[in-house]
Amino acid sequence: IDLVQRVGEALAQECLAEQVSVLLGPGANLKRHPLGGRNFEYFSEDPYVTGTMATAWITGVQSKNVGVSLKHYALNNHERGRMVVNVVADERTVRELYLPGFERCVKETQPWTIMCAYNKFRGTYLSEHEYLLKTILREEWGFTGVVVTDWGANHKRVDGIKNGQSLEMPGSGDHNPGKILAALADGSLTIEQLDKSVRPVVELIAKSAEALDGNATVDLEANHELARATAEEATVLLKNDNDLLPFEPTMKVVVIGGLARETRYQGSGSSQIVPTRLEQPFEEITRLADEPTLISFAEGYKVSGDVDPELSDTALDMAAEADRIVVIAGLTPDYESEGFDRTHMELPANQLQLIEALK
């Protein structure tokens, strides 16, 4: 938990250096759907673990006067049909699984903003949901910050204002502001209701101004080392048959797999980032050897997923001459992304074929 909080602090410092006042995260949805296309953004399938990690992350970020946008509230667990799907769940399921992570974050950290999800819950879109936004979030949990919609997630803007929503992200142009003015004119929306919705936005602007003085700096090298330490702590060795690891630095090793030189460090979609520094597995393995010439590389498979028998045959020939074989396998960019779900739980077929051949 301390490590997660340190990551949050580092992210906040980078935000300050870039004059960013609110970071769009963390994602605290549960991994209830194993094929969910956005699972890589979320912490866990367990609400306690999710709440614990998300709270530490938010604590770290907001300790430096940078806000977060806890998302996607709520019951958002897959990408297919996310704009229209209607989630139906009984109260016990909602209270014991879907809400505890969000509840802990709100009560312990008061996130600056919370982003509501695209989907419906019990027939009503989350951007205007009285029970979730007003009754639970505002009244029961005591959330005082900004409820912000996801991009294009607004439906009935006036109902959203009445039920605890504050800010619509871009997408409707003058359409929804026109609805607000019309509702004020015909009395279906009162100025008091509008003021209550706007007040958190004004407070957010004031808090943001305090943080963005333009003088912040960031130690990118230190943050890179923190990222390395975090990756190491998150790595799990499932088994080590016959004490195969660690390798002797004098061994002849072949590293196989296109991902060894095009490593996956994120999923696709709106969360994509450009790292200031990126270390590739093949380079790091080579660095650990007594002699760089002891380490060789075979592409083995194409990251694009295309089957290439020549690449596979070359990898097999090189593997026959090596003391040890390291296969870097994993999902490629077209497998995990915001906007669609996976169709199966397997690795790409060309990688599985190569692994079977290497056996």
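Here is a walk through two helix pairs and two empty spaces in this structure. Keep in mind that the model is predicted.

Let's start with helix H1, residues 2–17, and helix H9, residues 220–233. Their axes are 11 Å apart and the packing angle is about 150 degrees. Angles over 145 degrees count as roughly antiparallel, so that's how H1 and H9 run relative to each other. The crossing of H1 past H9 is left-handed. If you want to pull up the contact, select Leu-3, Arg-6, Val-7, Ala-10 and Glu-14 on the H1 side, then Leu-220, Asn-223, Leu-226, Ala-229, Thr-230 and Glu-233 on the H9 side. Sorted by class, that contact has six nonpolar, two polar and three charged residues.

Now for another pair: helix H2 (residues 47–62) and helix H4 (residues 100–109). Here the axes sit 8 Å apart, at an angle of about 30 degrees. That angle makes H2 roughly parallel to H4, since the cut-off for roughly parallel is under 35 degrees. As for handedness, H2 and H4 cross in a right-handed way. H2 brings Pro-47, Tyr-48, Gly-51, Thr-52, Ala-54, Thr-55, Ile-58, Thr-59 and Gln-62 to the contact, while H4 brings Pro-100, Gly-101, Arg-104, Cys-105, Glu-108 and Thr-109. The class split for this H2 and H4 contact is six nonpolar, seven polar and two charged.

On to the empty space. Rolling a probe the size of a water molecule over the atoms is a way to see where such space is left. The second largest pocket holds about 290 Å³. It is lined by 15 residues, and those closest to its centre are Lys-134, Arg-138, Lys-162, Gly-164 and Lys-196. Which helices each supply at least two residues of that lining? They are H5 (130–140), H6 (157–162) and H8 (191–211). H8 gives the most, with four residues. By class, the lining of this pocket comes out as three nonpolar, seven polar and five charged residues.

Finally, there's the closed space. The count of cavities of 30 Å³ or more comes to one, and the largest cavity has a volume of about 30 Å³. Its lining is made up of Arg-38, His-72, Asn-76, Glu-79, Arg-82, Ala-117, Tyr-118 and Asp-150. Split by class, the residues lining the largest cavity are two nonpolar, two polar and four charged.

How values were computed:
Residues numbered from 1 in each chain as written. Predicted model: local features only at pLDDT ≥ 70, side-chain atom pairs only at ≥ 80, totals over all residues. Heavy atoms only, no water. Axes fitted to C-alpha atoms, helices over the stretch in contact; angles between N-to-C directions. Parallel < 35°, antiparallel > 145°, perpendicular 65-115°, else oblique. Left-handed = near helix turned anticlockwise from the far one by under 90°. Contact = heavy atoms within 4.5 Å. Nonpolar A, V, L, I, M, F, W, Y, C, P; charged D, E, K, R; others polar. 1 Å grid on protein atoms, 1.4 Å probe; cavity = no way out; pocket = protein on both sides within 12 Å on 5 of 7 lines; lining within 4 Å. Points joined across faces, edges and corners; volume = space filled by probe spheres on them.
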